[in-house]
Amino acid sequence: MNAQDLLPRPQVGDAFGMLLQECWNPTGPPHALDETVERDDGRTVVSDARVYFAPYSDWTAPEQTIVHLARGDVLDVGCGGGRLAVEMQQRGNRVYGIDSSPGAVRLCTSRGIDAAVASVPDLPLLHKPFDTIVMAGNGLGLLQDRETAPAILTALARTAREGASLLGTTIDHTAFVDDHDVRYRERNRERGRLPGQWRIRISHRTVVTDWFDYLFLAPEELEDLVAPTPWSLSDVHLDGAHYLAHLRLK
């Protein structure tokens, strides 16, 4: 038996929701915690979880633009800790959030956001038409892969009012120049996957999420994914490798 055998085996559960709830501090600044994302090639990315509760002044330019473009009834897809939802609601929008993490939804609800545990396939059950759909915090990654993305975008269109906008952010994967990332892109291409398609899971203490696919897209790749759907790519707001994609319902 070695030291590795003595470590507790991770349990599959709501690691993301647990992380958010532990980081959140309702009476002051969020607690300092790391978010750990593991990719299926063994690469681990660690980042500051306090970003999920950062004030508007600390947001990236694309995310600040979202709250200025959002109008009317807003669906916040992947609402997380409610960072954008709270800001948009304070600015007069009616916001409804969905997230696959029960812990994230409980946190949003405690912050005064109408939210539910749901994923995009559940959208027809909401019976709510929206003027704006938001996928922030690199939320376009939730499009998953080449096959799933058109179905997700079509499902979102079914819950949108005429003239609706979809506002989503992502990172152009070509900006990832580390040798591990370059090899990962090449492996994806060899397997017929999109080059910026990551297979990841989130861990927190002894809990991990299930593995899931998450997309990083170059603007031209996003345009190709959008083309067969009820949406059209209206504009791209660049901020280095980060960008905001503004889609409009055809």
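A residue counts as buried under 20% relative accessible area, as exposed over 50%, and as partly exposed in between, with a 1.4 Å probe and protein chains only. Helices (H or I, at least four residues) and strands (E, at least two) are DSSP runs, numbered from the N terminus. The model is predicted, so that local features need pLDDT of at least 70 and side-chain atom pairs count only at pLDDT 80 or more, while totals for chains, interfaces and linings use all residues. Residues are numbered from 1 along each chain as its sequence is written, and side-chain values use heavy atoms, with hydrogens and water left out.

**Exercise A: a covered helix**

Determine how many of the eight residues of helix H4 (residues 83-90) are buried, and which elements cover them.

Solution. Begin with the count: six of the eight residues in H4 are buried, and the helix is thus mostly covered. Next, list them: Arg83, Leu84, Ala85, Val86, Glu87 and Met88, a set that includes Arg83 and Glu87. Then look for the cover, using contact in the sense of heavy atoms within 4.5 Å; it includes helix H3 (61-69), S4, S5 and S7. Finally, follow the chain past the helix, where Gly92, just after H4, takes a positive phi of about 105°.

**Exercise B: the sheet**

Work out the order of the seven strands in the open sheet, and state which strands form its edges.

Solution. Take two strands as paired if DSSP finds at least two bridges between them. The resulting order is S6-S5-S4-S7-S8-S13-S12, with mixed pairing. Its edge strands are S6 (114-117) and S12, each of which pairs on one side only. For the angles, axes are lines fitted to C-alpha atoms, for helices over the stretch in contact, and angles run from 0 to 180 degrees between N-to-C directions; the twist then averages 20° from one strand to the next. At the S6 edge, four bridges join S5 to S6, and these two strands run parallel, with Tyr96 opposite Asp114 in S6. Helix H5 lies across S5 and S6, at about 165° to S6, whereas H8 lies across S12 and S13, at about 165° to S12.

**Exercise C: the largest nonpolar core**

Describe the largest nonpolar core, and find which element gives the largest share of it.

Solution. A nonpolar core is a set of buried Ala, Val, Leu, Ile, Met, Phe, Trp, Tyr and Cys residues joined through side-chain atoms within 4.5 Å. The largest one has 33 residues, and those with the most contacts inside it are Leu75, Leu143, Leu156, Leu166 and Trp231. At least two residues each come from strands S4 (73-77), S5 (94-99), S7 (130-135), S8 (160-171) and S13 (242-249), and from helices H6 (148-158) and H8 (219-226). The largest share, six residues, is supplied by H6. The buried residues of H6 include Ala149, Ile152, Leu153 and Leu156, and their cover includes S4, S7, S8, H8, S12 (231-239) and S13. Leu143, leaving aside residues up to four places away in sequence, touches Met135, Thr148, Ala149, Ile152, Leu153, Leu215, Leu217 and Leu222.

**Exercise D: one alanine, one arginine**

Explain why Ala104 and Arg193 both count as buried, and name what each of them touches.

Solution. Ala104, which sits in helix H5 (residues 102-110), is buried because its relative accessible area is 0%. Beyond four places in sequence, Ala104 touches Asp14, Phe16, Gly17, Leu20, Gly80 and Asp99. Its C-alpha atom is 7.6 Å from that of Cys79, which is 25 residues away along the chain. Turning to Arg193, this residue is in the loop between helix H7 (179-190) and S9, and it counts as buried because its relative accessibility is 16%. With the same four-place exclusion, Arg193 is in contact with Arg146, Asn188, Trp198, Arg199 and Asp213. The side chains of Arg193 and Asp213 are joined by a polar contact of 3.1 Å, that is, a pair of N or O atoms within 3.5 Å of which, within protein, one must be able to donate a hydrogen and the other to accept it, residues adjacent in sequence counting only if both atoms are side-chain atoms.

**Exercise E: positive phi outside glycine**

Classify Gln144 and Arg205 as buried, partly exposed or exposed, and give the phi of each.

Solution. Gln144 lies in the loop between S7 and H6 and has a positive phi of about 75°, although it is not a glycine; Gln144 is partly exposed because its relative accessibility is 30%. Arg205 lies in the loop between strand S9 (197-204) and strand S10 (207-208), and its phi is also positive, at about 55°, although it is not a glycine. Arg205 is exposed because its relative accessible area is 62%.
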